[in-house]
Amino acid sequence: LEHSDLIFTDRSESYRGLPNKLKVGYSFATTAVNNVEWILKADDDMFVRLDVLNSYLSGSNLSSSTMTVVGRIKYEQPVVKRGKWAELHTYRSKHILSNGTAVYPPFPLGSAGHVVSRPVAKYVASSASNLSDYQGEDVSLGIWLDSVNLHVTFHRLDNRYHDVHGECERQDAFLVGHRLTPSRLEECWNIVQHDQSTF
């Protein structure tokens, strides 16, 4: 509330509510910021080095004007039928491996964050009422985009861009964490501010 940078919705916070949360986030981003080109989704226990991310996106051949998803893309992951991440809806994948295993379409791993171009976010936001929510926001995004009759580019990041050990001092990783404590997040913020002030 201090910085007026929180969005409140009428939905309760839960894992199963993440797909709807993603729709709301994309809707806000594409309507509140007219010229936004890329939208980043990250968990609140991760630290994002925006300086490194901006350098990566501006230095790549990726286009923010086409349907583009950047992240730790997962391919041919079996549809989950049991346990915490089991599909509650009857999801019939059109992707079947030669051994008969039903798999999800490509999707960005949720715990590693992801970046989407404006057209991706705009599609999800404008089609939200017609898009079913699946077990997580990551597989939901993959399924939603799989139903689009447009070309979607999935750009897979390698491990160097995501530091899972919380080392925000690294100059090459723009996603740091999972499970960073509030005090470590603050330390990371101070480290980045110091790095930027020395240039």
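Two strands are taken to pair if DSSP finds at least two bridges between them, and the strands themselves (E, at least two residues), like the helices (H or I, at least four), are DSSP runs numbered from the N terminus. The model shown is predicted, so that local features need pLDDT of at least 70 and side-chain atom pairs count only at pLDDT 80 or more, while totals for chains, interfaces and linings use all residues. Residues are numbered from 1 along each chain as its sequence is written, and side-chain values use heavy atoms, with hydrogens and water left out.

**View 1. An open sheet of 3 strands with mixed pairing.** The strands follow the order 2-11-10, and the edges are strand 2 (46-48) and strand 10 (162-163), each of which pairs on one side only. Strand 2 is joined to strand 11 (residues 175-177) in the antiparallel sense over 3 bridges, and within this pairing Val48 stands opposite Leu175.

**View 2. An open sheet of 4 strands, with helix 1 packed on it.** Here the order is 1-8-3-9 and the pairing is again mixed, with strand 1 and strand 9 (153-156) as the edge strands. The twist averages 20° from one strand to the next; axes are lines fitted to C-alpha atoms, for helices over the stretch in contact, and angles run from 0 to 180 degrees between N-to-C directions. Helix 1 touches strand 1 and strand 8, and its direction makes about 150° with that of strand 1. Strand 3 and strand 9 run parallel and are joined by 4 bridges, with Thr68 having Thr153 as its bridge partner.

**View 3. Helix 3 and what covers its buried residues.** In helix 3 (residues 118-127), the buried residues (under 20% relative accessible area with a 1.4 Å probe, protein chains only) are Arg118, Val120, Ala121, Tyr123, Val124 and Ser127. Their cover includes helix 1 (18-32), strand 1 (38-41), strand 3 (68-71), strand 8 (114-117) and helix 4 (137-146).

**View 4. The largest nonpolar core, with 26 residues.** A nonpolar core is a set of buried Ala, Val, Leu, Ile, Met, Phe, Trp, Tyr and Cys residues joined through side-chain atoms within 4.5 Å. Tyr26, Val116, Leu141 and Leu145 have the most contacts inside this core, to which helix 4 gives the most, with 5 residues. Leaving aside neighbours within four places in sequence, Leu141 is in contact (heavy atoms within 4.5 Å) with Leu22, Tyr26, Pro108, His114, Val116, Val120 and Val124.

Note on methods: Buried < 20%, exposed > 50% of the residue type's maximum accessible area, 1.4 Å probe, protein only.
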